[in-house]
Amino acid sequence: MHRQLNADVLLHTAAALQNPVMSQVAAPAPIARLLVVEDDDTIRETVSEAMELEGFAVTAATNGQSAFDLLNRERFDLVVLDLMLPGMNGLDLCRQLRQASNPPLILMVSARDTETDRVLGLEVGADDYLSKPFGIRELVARCRALLRRNRSQDQAQAGEQHQVLEHADLQLFRGECRVTRAGQELKLSPKEYKLLELFLQQPKRVWSREQLIEQVWGVDYIGDSKTVDVHIRWLREKIESDPSNPVHLVTVRGFGYRFG
């Protein structure tokens with residue numbers, strides 16, 4: 001089976017490297033750090049060489065444990081991870097990596113190509129799944145697509161970090177988890193802060209208790225929904241001039257709460 005895979009991968013790779021289309025594709029900028037985890041020597045060396053020609057900074061590992069050790073010492077942008085590895089297999093390594101605070105992107109590759117195998121790989125934390133045999137152009141395209149999507153998400157999150165939500169004399173600084181009223185900083189609890197952030201993001205919307213519980217406390221919350229009313233009262237005491245007659249955070253009887 002491995003020999004057939006080797007021949008197929010090599011055939012695809014050789015054709016791709018000789019194809020003039022490949023040389024017309026610009027190398028990623030900045031160059032991404034790529035870890036190739038593959039126990040088959042021929043596939044590992046072929047993929048590593050091809051990805052280096054495409055502008056990736058490539059490091060290779062022959063098994064799951066050595067890859068895990070490398071990832072604990074160094075930062076990689078993307079891991080091309082074979083599923084069937086000796087010792088710690090690809091699924092186990094993927095699970096370990098997803099527990100890290102800032103895990104790399106993971107492209108899982110395997111000769112197992114059933115829907116069940118693909119779903120399992122994605123569910124344990126892989127960002128994409130590619131079946132063997134594969135063409136090197138498809139591998140390159142998938143790696144670049146993952147990196148491109150990840151950079152877009154990072155840029156969006158960076159934009160959110162610097163976003164300031166405002167209403168009347170209230171300002172909420174999202175990156176700092178800080179709120180001011182008329183220039184004076186307010187001392188809000190985490191739940192009060194999350195409520196106000198939610199209200200400021202969607203002013204004029206009416207929120208039911210159940211919706212607020214789901215958004216702020218989480219879908220697994222099993223306590224009394226009246227806690228919403230308590231936190232709303234506390235929040236009003238901090239953002240309203242007259243909490244008994246609120247003008248910002250109002251009750252919509254029979255429905256819930258509306259801000260703005």
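1. Which residue takes a positive phi in the hairpin of strand 6 and strand 7? A168 does, with a value near 50°, and the hairpin has 2 residues between its strands. The model is a predicted one, and the angle should be read as a property of that model.

2. Overall make-up. The protein chain contains 10 helices and 12 strands. Of its 260 residues, 43% are buried. Among contacts with a separation of 6 or more, 57% are between residues 24 or more positions apart. The exposed surface of the protein chain comes to about 14,200 Å², and 49% of that area is supplied by carbon and sulfur atoms.

3. The sheet around A168. Strands 6, 7, 8 and 9 form an open sheet in the order 6-7-8-9, with antiparallel pairing. Strand 6 (164-167) and strand 9 (184-185) each have a single partner strand, so one side of each is left without a neighbour in the sheet. Strands of a sheet pair through backbone hydrogen bonds.

4. Strand 6 with strand 7. These two antiparallel strands are joined by 4 bridges. One pair to look up in the model is E166, whose bridge partner in strand 7 is Q171.

5. Strand 7 with strand 8. Here too the strands run antiparallel, with 4 bridges between them. L172 stands opposite V179 of strand 8. The hairpin that links strand 7 and strand 8 has 4 residues between the strands, and C177 takes a positive phi near 50° in it.

6. Strand 8 with strand 9. Strand 8 covers residues 178-181 and is joined to strand 9 by 2 bridges, again in an antiparallel arrangement. T180 stands opposite E185 in strand 9.

7. Helix 10. This helix runs over residues 227-239, 13 residues in total. From first C-alpha to last it reaches 18 Å, close to the 18 Å expected at 1.5 Å a residue. Its buried residues are T227, V228, D229, H231, I232, L235, R236 and I239. An α-helix has 3.6 residues a turn, so residues three or four places apart point the same way. The list of buried positions in helix 10, including V228, I232, L235 and I239, can be read with that in mind.

8. What helix 10 packs against. The buried residues of helix 10 pack against two strands of the sheet described above, strand 7 (170-173) and strand 8. Their other partners are helix 8 (190-201), helix 9 (209-217), strand 11 (249-252) and strand 12 (256-259).

Technical notes:
Residues are numbered from 1 along each chain as its sequence is written. This is a predicted model: local features need pLDDT of at least 70, side-chain atom pairs count only at pLDDT 80 or more; totals for chains, interfaces and linings use all residues. Side-chain values use heavy atoms; hydrogens and water are left out. Two strands pair if DSSP finds at least two bridges between them. The expected span of a helix is 1.5 Å times one less than its number of residues. Buried means under 20% relative accessible area, exposed over 50%, partly exposed in between (1.4 Å probe, protein chains only). Contact means heavy atoms within 4.5 Å. Accessible areas come from the Shrake-Rupley method with a 1.4 Å probe; for residues, only the protein chains shown count as cover.
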